[in-house]
Amino acid sequence: MQTTPQLRPMSIGDVLDAAFRLYRQHFLVFLGISALLQVPMAVLQSVAQYVLAGQAFRDIMAFAERPPIPRPGQSPLEVLPVQQYLVLAGVTAGISLLYYLVVYNLTTAALANAVAQARQGRPVSILGAYALSPRTYLALIAASTVPVVGSVLIFGVTMGCAIGAAGVVGSRLEGGGIAAVIVGTLLALGLVMLLLLLLVFIFVRLALTTQVIVLERAGPLRGIGRSWRLTGPGFWRVLLAVVLMGIISYAVSSLPATVVSTAVTIASGSPLNNFGLNQGLTSLVAYAGLILALPLQLAVYTVLYDDLRVRSEGYDLELRANQI
């Protein structure tokens, strides 16, 4: 039976409480939605890293442990394992793009849909959560490329300015030496910090793009624009939610994966030994953590999306009017 959710302006504590309650009530279904695509992706990543990039990684580590001495006149490119670096970078970039553009977008869309259905008292199922139109999925994929391209451009411009400014300052400082190095380093670090703050700001303002596209059936540009407008008045509340979800995700995914990788490396005595086992266990633990954390993250963001609409658009009054 469909019911109208009891919407009202909520504190960040209320948002978290409502999200955790939904997470507990629908834990197995949310877990199934999160695992449906991520389990095959975990298997694919483990196989790709071991089969395609394993030998390249071992060659790079062997080079790092005992780098050959170049002959007089020999080009550094003839000594460095350039081909192995390219293989490793290509496999890593390919897996990352596949996960971010396809698996992550489809999973978060299904979870946002499931959370919204649960808040309205509708039945929630694993396959039903994925029953969204191809247009919605394509809009999500298109929207997700915007922050990636923007971040790359901002990073490139900032680093270029930092390097150029450091070079100019170093060339004009009398006495050169340590003074030039210190000033150039501080300038570069300052620009990098500004870059990181700008990227955090953009990420927070676009944090609700998935909710807008899935729940309002918006296109990519409208989804980005709506998220930007909704998060403006509640920026600090959204930032707090993003930071909390980042800490939880790190605690249940990245940190355990790092611990497992370190333990396997210590036990084997070298990163080269048991490389396949190390990568396989690390990926397994990381994906297990993501499967657990993503439903909670989407629950928090979806409840926060409703709350911001209540505060800025009278969304609760709109729902009540539709029930009359």
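**Exercise 1.** In this predicted model, find the helix that holds Ser253 and decide whether Ser253 is buried or exposed.

*Solution.* Start with the location: Ser253 sits in helix α10, which covers residues 235-268. Next, take its relative accessibility, which is 4%. Buried means under 20%, so Ser253 counts as buried at 4%. Finally, look for its partners: setting aside neighbours within four places in sequence, Ser253 is in contact with Ala286, Gly289 and Leu290.

**Exercise 2.** Work out how Ile126 is classed by accessibility, and which surface patch it belongs to.

*Solution.* Ile126 is part of helix α5 (residues 126-129). Its relative accessibility is 31%. The partly exposed class lies between 20% and 50%, so Ile126 counts as partly exposed at 31%. Now turn to the surface: Ile126 joins Leu36 and Leu127 in a nonpolar patch, and together they have about 270 Å² of accessible area.

**Exercise 3.** Explain why helix α8 is described as largely enclosed by the rest of the structure.

*Solution.* Helix α8 spans residues 209-216, and seven of its eight residues are buried, so it is largely enclosed. To check, go through the buried ones: Thr209, Thr210, Gln211, Val212, Ile213, Val214 and Glu216. Then step just past the helix, where Arg217 takes a positive phi of about 55°.

**Exercise 4.** Describe the largest pocket and find which helix gives the largest share of its lining.

*Solution.* The largest pocket holds about 630 Å³ of space. Of the 23 residues lining it, Tyr100, Tyr104, Pro147, Phe203 and Leu206 are the closest to its centre. Helices α4, α6, α7, α8 and α11 each supply at least two lining residues. The largest share, six residues, comes from α6.

Conventions. Residues numbered from 1 in each chain as written. Predicted model: local features only at pLDDT ≥ 70, side-chain atom pairs only at ≥ 80, totals over all residues. Heavy atoms only, no water. Helix = DSSP H or I, 4+ residues; strand = E, 2+ residues; numbered from the N terminus. Buried < 20%, exposed > 50% of the residue type's maximum accessible area, 1.4 Å probe, protein only. Contact = heavy atoms within 4.5 Å. Patch = residues over 30% accessible without salt bridge, like charges linked within 9 Å, V, L, I, M, F, W, Y side chains within 5 Å. Areas by Shrake-Rupley, 256 points an atom, 1.4 Å probe, with all protein chains shown as cover. Salt bridge = Lys/Arg side-chain N within 4 Å of Asp/Glu carboxyl O. 1 Å grid on protein atoms, 1.4 Å probe; cavity = no way out; pocket = protein on both sides within 12 Å on 5 of 7 lines; lining within 4 Å. Points joined across faces, edges and corners; volume = space filled by probe spheres on them.
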